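Visitor: I'd like a close look at one part of this protein, the empty space inside it and what surrounds that space. Could you walk me through it?

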Amino acid sequence: MDRLRVLSAHLEPTAARGAANEDGTGVQRRDVRAVEEYEGFPQAQTMVIFPPAVSDVFRFDDLLSAEERGIRNRTRAFMEKEIAPVIADFWERAEFPHHLIPRLATLGLGGATLTGYGCPGQSMLGAAMGVTEVARVDGSISTFFLVHNSLAVLTIGLLGSEEQKRELLPHMAQLQLIGAWGLTEPSNGSDASALTTTARKVDGGWVLNGRKRWIGNATFADVICIWARNTDTKQVNCFIVRKGAKGLRTEKIQNKISLRCVQNADIYLDNCFVADSARLPGVNSFKDTNKVLAISRIMVAWQPVGLAMGVYDMCARYVRERRQFGAPLGAFQLVQERLSRMLGDVQAMFLMAWRLSVLHEQGKMTHEAASMAKAWTTLRGREVVALGRELLGGNGIVADFLVAKAFCDMEAYYTYEGTYDVNVLVAGRGITSSAAFRAPPPRQANAQVQA
Ligand SMILES: Cc1cc2nc3c(=O)[nH]c(=O)nc-3n(C[C@H](O)[C@H](O)[C@H](O)COP(=O)(O)OP(=O)(O)OC[C@H]3O[C@@H](n4cnc5c(N)ncnc54)[C@H](O)[C@@H]3O)c2cc1C
């Protein structure tokens, strides 16, 4: 049997978590031996040896160009070989694998769809394949890229000055400078356009004051795009705040159950001065923020596709390896029903996200379509990871088998970049021409009596 063969050397998280080691990464090297040697996990391989990709039964591969397939293939190979063996350990410790950033840079995903300034000018689908394949192995690393590429880099590329683009983008494309993107505030999440962080014009620059919450990569980012309200015009503007700026403080959000490697931060801006050159000239109102979100939402719609693909692949292998009642789990009818439902979901999710990307490339995508796709892929994604979690029994709650990690990570995808609710309300507005974001005025206490 394949699974009994001795496997080649890989990186393997240590049992002594966080123990010091030669390369200072907190990850110990040791040979991965035959699966049977792991007492706790008989009859099944962990994600250290990543399962083969088997979810493309409808051959959506044929929908990709050679270039897009190339991005997909090299990202998949890299993630399976270099990230899968170590990432569960980082996830458990809620740490980001900083030492891997130079290796991640070699993937050529930095800069994604932007052209010029050292960026690769990928097609929307090419960039989506990068996001998806990264998420197939790890949701956190996918979000690291998403925040950097589809929020920070994109904002500077679309709305920054020539000087800002020339200075920052080539280094951001190489991941020598890492970006973060600060829109959400403690009191303004779904209602982000009501943000209250202020930007006051002073001699030679701007003074920023306020709080941001949930900002991915922010504890270590070199460049943070901060969205703030101009006290003169009352409109939303955007400013580049550099690491170490006086008046900037970041604090890591602790105890997350989802995307644990992502370093989400609370940001404190206390009389933080930035020069005039830090203001992005292309941002004059929240409408400009939406130009970025319209594109990043496409990428977020792909992330659950990647997570779900990985979970399906893991389950497809697991049910062959794990035996109960004298047969592999895959022989049982109930297991097959779950697998079949998962596979249908994964493929339908791919198709909707693919169509959304193509519509964008053709200039035909609407905000409503993007929101519907993001809401729907996260909804179906939740079903896939929940079914996968069930299929793995007890191992479904152990991060080493990928599924538990993906199960938790899907929750953040369901919530960020517009919650499921907010996105279906955007879609609903398109369907009915009636916006339902605002609560109706409270009824008078005696209204019922009068009626
Ligand atoms: C892991 C993670 C990473 C993130 N990264 C970033 C980042 O890098 N940068 C950034 O700026 N932000 C980031 N965010 C913030 C994210 O976009 C917000 O969390 C999200 O928009 C929801 O806001 P909230 O958490 O304040 O929830 P709330 O807005 O308080 O919503 C709470 C609940 O109420 C529901 N709700 C709200 N309004 C309505 C309505 N009108 N009708 C019906 N239901 C409603 C919501 O759907 C939700 O279920 C991140 C969040 C997470 C969890």
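Which helices each supply at least two residues of the lining of the largest cavity?

Guide: Bear in mind throughout that this is a predicted model. The helices you're after are helix 3, helix 4 and helix 6, each of which supplies at least two residues of the lining of the largest cavity. Helix 4 has the largest share of that lining, at five residues.

Let's stay with that cavity for a moment. Its volume is about 140 Å³, and 16 residues line it. Closest to its centre are Ala 112, Ala 127, Val 131, Asn 149 and Ser 150. Sort the lining by type and you get 10 nonpolar residues and six polar ones, with no charged residues. The count of cavities of 30 Å³ or more comes to two.

Now take the helices around the cavity, starting with helix 3, which covers residues 124–137. With 14 residues at 1.5 Å a residue, helix 3 should span 20 Å, and its end C-alpha atoms are 21 Å apart, which agrees. Buried here means under 20% relative accessible area. By that cut-off 14 of the 14 residues of helix 3 are buried, so helix 3 is largely enclosed by the rest of the structure.

There's a glycine worth a look too. Gly 111 sits in the loop between helix 2 (101–105) and strand 3 (115–116). Its relative accessible area is 3%, so Gly 111 is buried. From Gly 111 to Gly 157 you count 46 residues along the sequence, but C-alpha to C-alpha the two are 9.0 Å apart in space.

Next, the open space. The largest pocket holds about 1,300 Å³ and is lined by 42 residues. Nearest its centre lie Gly 189, Ser 190, Ala 192, Glu 417 and Gly 418. Several elements give two or more residues to the lining of this pocket: helix 4 (139–159), strand 7 (205–215), helix 6 (286–321), helix 8 (367–391), helix 9 (403–415) and helix 10 (420–432). Helix 6 gives the most to that lining, with five residues. By type, the pocket lining divides into 20 nonpolar, 15 polar and seven charged residues. As for where the pocket is, domain 1 (179–286) and domain 2 (290–432) both give residues to its lining, so the largest pocket lies between them.

Helix 6 keeps turning up, so here's some more on it. Lys 287 is in helix 6, and at 67% relative accessible area this lysine is exposed. Lys 287 and Ser 193 are 94 residues apart in sequence, yet their C-alpha atoms are 9.3 Å apart in space. Helix 6 also gives the most to the largest nonpolar core, which has 118 residues: its contribution is 20 residues. The members of that core that touch the most other members are Met 47, Ile 83, Leu 104, Ile 141, Phe 144, Trp 227 and Trp 302. The core draws at least three residues from each of domain 1 (179–286) and domain 2 (290–432).

Now for the stretch of chain after helix 6. Phe 325 is in the loop between strand 12 (323–324) and strand 13 (327–328). Phe 325 is not a glycine, but its phi is positive, near 50 degrees. With a relative accessible area of 82%, Phe 325 is exposed. Further along, Ala 331 is found in the loop between strand 13 and helix 7. Ala 331 counts as partly exposed, at 47% relative accessibility. Ala 331 and Arg 320 are 11 residues apart in sequence and 8.4 Å apart in space, C-alpha to C-alpha.

That loop leads to helix 7, which takes in residues 333–361. From its first C-alpha to its last, helix 7 reaches 42 Å, close to the 42 Å expected for its 29 residues at 1.5 Å a residue. Gly 363 follows helix 7 and has a positive phi, near 70 degrees.

One last residue pairs nicely with Phe 325. Leu 259 also has a positive phi without being a glycine, here about 45 degrees. This leucine is in the loop between strand 10 (248–252) and strand 11 (265–275). At 3% relative accessibility Leu 259 counts as buried, whereas Phe 325 is exposed.

Note on methods:
Residues are numbered from 1 along each chain as its sequence is written. This is a predicted model: local features need pLDDT of at least 70, side-chain atom pairs count only at pLDDT 80 or more; totals for chains, interfaces and linings use all residues. Side-chain values use heavy atoms; hydrogens and water are left out. Helices (H or I, at least four residues) and strands (E, at least two) are DSSP runs, numbered from the N terminus. The expected span of a helix is 1.5 Å times one less than its number of residues. Buried means under 20% relative accessible area, exposed over 50%, partly exposed in between (1.4 Å probe, protein chains only). On a 1 Å grid over the protein atoms alone, a cavity is a set of points where a 1.4 Å probe fits but cannot get out, and a pocket is an open set with protein on both sides within 12 Å along at least five of seven lines; lining residues have an atom within 4 Å of a point. Grid points are joined across faces, edges and corners, and a volume is the space filled by probe spheres set on the points. Ala, Val, Leu, Ile, Met, Phe, Trp, Tyr, Cys and Pro count as nonpolar, Asp, Glu, Lys and Arg as charged, and the others, Gly among them, as polar. Domain bounds come from an automatic or database domain assignment. A nonpolar core is a set of buried Ala, Val, Leu, Ile, Met, Phe, Trp, Tyr and Cys residues joined through side-chain atoms within 4.5 Å.
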